[in-house]
Amino acid sequence: MAKSHVTTTINGDPVEFLCETQQTLLDVLRDELHLTGSKEGCASGDCGACSVTIDGRLMCSCLVLGVEAEGCSIETIEGMADGEKLHPLQQKFLEHAALQCGICTPGFLVASKALLEKNPDPTETEVRYWLAGNLCRCTGYDKIIRSVQAAAEELRKG
Ligand code: FES
Ligand code: FES
């Protein structure tokens with residue numbers, strides 16, 4: 001079958017790709033564009049490891065087709081750091097040891113960034129609810145929640 005030609009913006013850069021109609025955006029990111037930061041935990045929308053934002057909305061990239069990304073602006077974990085400078089969320093995850101195996105971490109970071117862009121001063125409950133779609137089987141979540149709140153505080157200070 002002929003591949004579809006898709007034009008997008010990824011992490012601020014214009015990106016074009018060819019994909020099969022049944023290929024998910026996650027597969028395109030990882031297999032065609034070699035942006036392997038987004039992880040596949042379940043491929044069914046249950047774990048959040050594949051989280052990206054599409055036109056500012058947090059989405060599971062395993063539930064989106066590559067062809068559906070036509071004309072969209074996508075942000076992935078690869079766009080989070082500013083060159084060598086980590087985003088405050090990344091820095092706080094490191095400082096609070098909020099990761100072990102790391103499979104869930106890109107998804108948590110992307111989802112947390114989307115939260116802080118909407119709500120710069122979330123309560124612990126709000127952070128927990130927002131991240132309810134992201135699963136981690138290593139950390140027990142508390143360190144992740146504390147990292148997000150610490151990053152929020154730092155971002156509020158400017
Ligand atoms: S891989 Fe997409 S939600 Fe789990
Ligand atoms: S650090 Fe292993 S799943 Fe979260």
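This briefing sets out the salt bridges, the largest pocket, the cysteines, a strand pairing and one loop residue of the structure above. The model is predicted. It contains six salt bridges and zero disulfides. Its largest pocket has a volume of about 200 Å³, and strands β1 and β2 pair in the antiparallel sense.

**Salt bridge between α5 and the loop before α4**

- R156 and D121 form a salt bridge in which the closest N and O atoms are 3.1 Å apart.
- R156 belongs to helix α5 (residues 142-157), whereas D121 sits in the loop between α3 (105-118) and α4 (124-130), so this pair ties together parts of the chain that are 35 residues apart in sequence.
- R156 is partly exposed, at a relative accessible area of 41%.
- D121 is also partly exposed, its relative accessibility being 48%.

**Salt bridges of R128**

- R128 forms a salt bridge with E124, with 2.8 Å between the closest N and O atoms.
- R128 and E124 are four residues apart in helix α4, so about one helical turn separates them.
- The side chain of R128 also meets that of D142 in a salt bridge, at 2.7 Å from N to O.
- This second pair links distant parts of the chain, with R128 in helix α4 and D142 in helix α5, 14 residues apart.
- R128 is partly exposed, with a relative accessible area of 33%.
- Its partner E124 is partly exposed at 40%, and D142 is partly exposed at 37%.

**Salt-bridge network**

- A network of salt bridges links K92, E95 and E154.
- As general background, side chains of opposite charge can pair when their charged atoms come close.

**Largest pocket**

- The residues that line the largest pocket are G41, C47, A49, C101, I103, C104, L135, C136, R137 and C138.
- By class, this lining comprises eight nonpolar residues, one polar residue and one charged residue.
- The polar residue of the lining is G41, because Gly counts as polar in this classification.
- The charged residue of the lining is R137, because Arg counts as charged.

**Cysteines**

- The pocket lining includes the cysteines C47, C101, C104, C136 and C138.
- The count of disulfides is nevertheless zero, the criterion being a pair of cysteine sulfur atoms within 2.5 Å.
- In general, a disulfide is a covalent bond between the sulfur atoms of two cysteines.
- C136 is buried, at 10% relative accessibility, whereas C138 is partly exposed, with a relative accessible area of 28%.

**Strands β1 and β2**

- Strand β1 spans residues 4-10 and strand β2 spans residues 13-19, and the two pair in the antiparallel sense over seven bridges.
- Within this pairing, V6 stands opposite F17 in β2.
- The two strands form a hairpin with two residues between them.
- N11, in the turn of this hairpin, has a positive phi of about 50 degrees.
- In a regular strand, the side chains alternate between the two faces of the sheet.

**Loop between α4 and α5**

- N134 lies in the loop between helices α4 and α5.
- N134 is buried, with a relative accessible area of 5%, which is under the 20% cut-off for a buried residue.
- N134 and A111 are 23 residues apart in sequence, and their C-alpha atoms are 8.1 Å apart in space.

Conventions: Residues numbered from 1 in each chain as written. Chains lettered and ligands numbered in written order. Predicted model: local features only at pLDDT ≥ 70, side-chain atom pairs only at ≥ 80, totals over all residues. Heavy atoms only, no water. Salt bridge = Lys/Arg side-chain N within 4 Å of Asp/Glu carboxyl O. Buried < 20%, exposed > 50% of the residue type's maximum accessible area, 1.4 Å probe, protein only. 1 Å grid on protein atoms, 1.4 Å probe; cavity = no way out; pocket = protein on both sides within 12 Å on 5 of 7 lines; lining within 4 Å. Points joined across faces, edges and corners; volume = space filled by probe spheres on them. Pairing = 2+ DSSP bridges.
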